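Q: Please take a close look at one part of this model, the sheet, and describe how its strands are arranged and what surrounds them. I would like a single connected account, with the terms explained as they come up.

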Amino acid sequence: MLFYRSFNYVLSKYNVGFLHFLFLIQSSLGQHCKSTPESADKTGLCQTPSNEETESMSNALAVVLYDEDSVLPIHQRERTFRYCGRDIVIKQDWTGLGVAAVVWDAAEVLAEYIEERAEILKDKSVIELGAGTGLVGMVAALLGAKTTITDRIEVLKYLQTTVETNLPPDVYQSTQVLPLDWCKDLDKFHTTYDVILGADIVYIEEVFEDLLRTLIQLSNKETVIFLSCRIRYDRDTNFIKRLEEHFVVLTLLYDKDKDVNLYKVTKR
Ligand SMILES: C[S@@+](CC[C@H](N)C(=O)[O-])C[C@H]1O[C@@H](n2cnc3c(N)ncnc32)[C@H](O)[C@@H]1O
């Protein structure tokens, strides 16, 4: 079931030709449980496929042709982005760390948005939630924000290394990389922030209430929250509605190519 969901998602998201399609069968089978963030389990990590799924994977593998050019961006081992006049090189680790160790389109949308509006972040206290590779947080830090970049403890070493290798030493010095699991670490965060950033963090229904509680606790009346989201399912829309009970939610833009919404969220 997970396989077919991932499969449909990939076909609808990427308009691929037939050879690409065959390659994607291979990619999806190898990583079928991690092809989209929503196919990960509550911890964001991969679930073991059932015997039935494994068997269908082996059968399908027999017809796969390999085409190096059709590797999806999230499957590439390394990607280079350019923000604030610097190259940011991200080593992706889809096989090891899954959804957290690849750059999602929503991160690019949010990074571009803040880069074009440096005044939103300069000298502000900023926290990034569910940072994954930390791309958005690094751009915030480069723009002069006092930045705290967070994710689950499982991905922290990877995140720390990515941030340390990409930021100039003086910027890195004033940037924090901290564990923040919305379900269990909230009591360690007592301050509120000027700006909260979150890219593609609305996808696990089981933790929606924890995410909401996190946003409430880390914000005050002046805080501006930027959430970039691909809305994949009704439950994601429901989360935005739930958010509106506590916050004013404004859609700033919809990136049609990337299928990503960017929301500006402020406390009621
Ligand atoms: C789809 S990835 C997005 C990563 C990155 N923001 C990006 O857009 O490239 C979702 C991120 O949310 C994080 N995440 C999932 N559940 C979480 C939780 N309970 N607490 C904190 N982070 C969580 C994952 O570890 C992962 O890094």
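A: The account below begins with the sheet, follows its strands, and then turns to the helices, the loops and the ligand.

The model is predicted, so local features are described where pLDDT is at least 70 and side-chain atom pairs count only at pLDDT 80 or more, while totals for chains, interfaces and linings use all residues. Residues are numbered from 1 along each chain as its sequence is written. Helices (H or I, at least four residues) and strands (E, at least two) are DSSP runs numbered from the N terminus.

The sheet is open, has 7 strands in the order β5-β4-β3-β6-β7-β9-β8, and shows mixed pairing, where two strands count as paired if DSSP finds at least two bridges between them. Because β5 and β8 stand at the edges with a single partner strand each, one side of each is left without a neighbour in the sheet. From one strand to the next the twist averages 20 degrees, with axes taken as lines fitted to C-alpha atoms (for helices over the stretch in contact) and angles running from 0 to 180 degrees between N-to-C directions.

Starting from the β5 edge, β5 (176–179) runs parallel to β4 and is joined to it by 4 bridges, and here Thr148 stands opposite Gln176 in β5. Strand β4 comprises residues 146–151, and 5 of its 6 residues are buried, so the rest of the structure largely encloses it; a residue is buried if 20 or more other C-beta atoms lie within 10 Å of its own, exposed if 12 or fewer, and partly exposed in between, with C-beta atoms placed from the backbone.

Strand β3 (residues 125–129) pairs with β4 in the parallel sense over 4 bridges. In this pairing Ser125 stands opposite Lys146 in β4, and Glu128 stands opposite Ile149. Together with α6, these two strands make a right-handed β-α-β unit; right-handed means that, with the strands pointing away from the viewer, the path from the first strand over the helix to the second runs clockwise. Strand β3 is itself largely enclosed by the rest of the structure, because 4 of its 5 residues are buried.

Strands β3 and β6 also run parallel, joined by 4 bridges, and Leu129 has Gly198 in β6 as its bridge partner. The next pairing, between β6 and β7, is again in the parallel sense, over 5 bridges, and in it Leu197 stands opposite Phe226 in β7.

Two helices can be placed against these strands. Helix α5 (residues 105–115) is largely enclosed by the rest of the structure, because 8 of its 11 residues are buried; among the buried residues are Ala107, Glu108 and Tyr113. The cover over the buried residues of α5 includes β1 (78–83), α6 (135–142), β6, β7 (224–229), β8 (247–255) and β9 (260–267), where contact means that two C-beta atoms, placed from the backbone, lie within 7 Å. Helix α10 (residues 234–244) lies across β7, β8 and β9, and runs at about 140 degrees to β8.

Three loop residues deserve separate mention. Asp200, in the loop between β6 and α9 (208–218), has a positive phi of about 50 degrees although it is not a glycine, and it counts as buried because it has 23 C-beta neighbours inside 10 Å. Asp259, in the loop between β8 and β9, has a positive phi of about 55 degrees and is likewise not a glycine, but Asp259 is partly exposed, with 16 other C-beta atoms within 10 Å. Leu186, in the loop between β5 and β6 (195–199), counts as partly exposed with 16 C-beta neighbours inside 10 Å. Leaving aside residues up to four places away in sequence, Leu186 touches Arg213, Thr214 and Gln217, and its C-alpha atom is separated by 6.7 Å from that of Thr214, which is 28 residues away along the chain.

Finally, there are 24 residues around the ligand, of which Ala100, Ala107, Gly130, Gly132 and Ala199 come nearest, a residue being near a molecule or strand if its C-beta atom, placed from the backbone, lies within 6 Å of it. By class, this shell has 16 nonpolar, 4 polar and 4 charged residues; Ala, Val, Leu, Ile, Met, Phe, Trp, Tyr, Cys and Pro count as nonpolar, Asp, Glu, Lys and Arg as charged, and the others, Gly among them, as polar.
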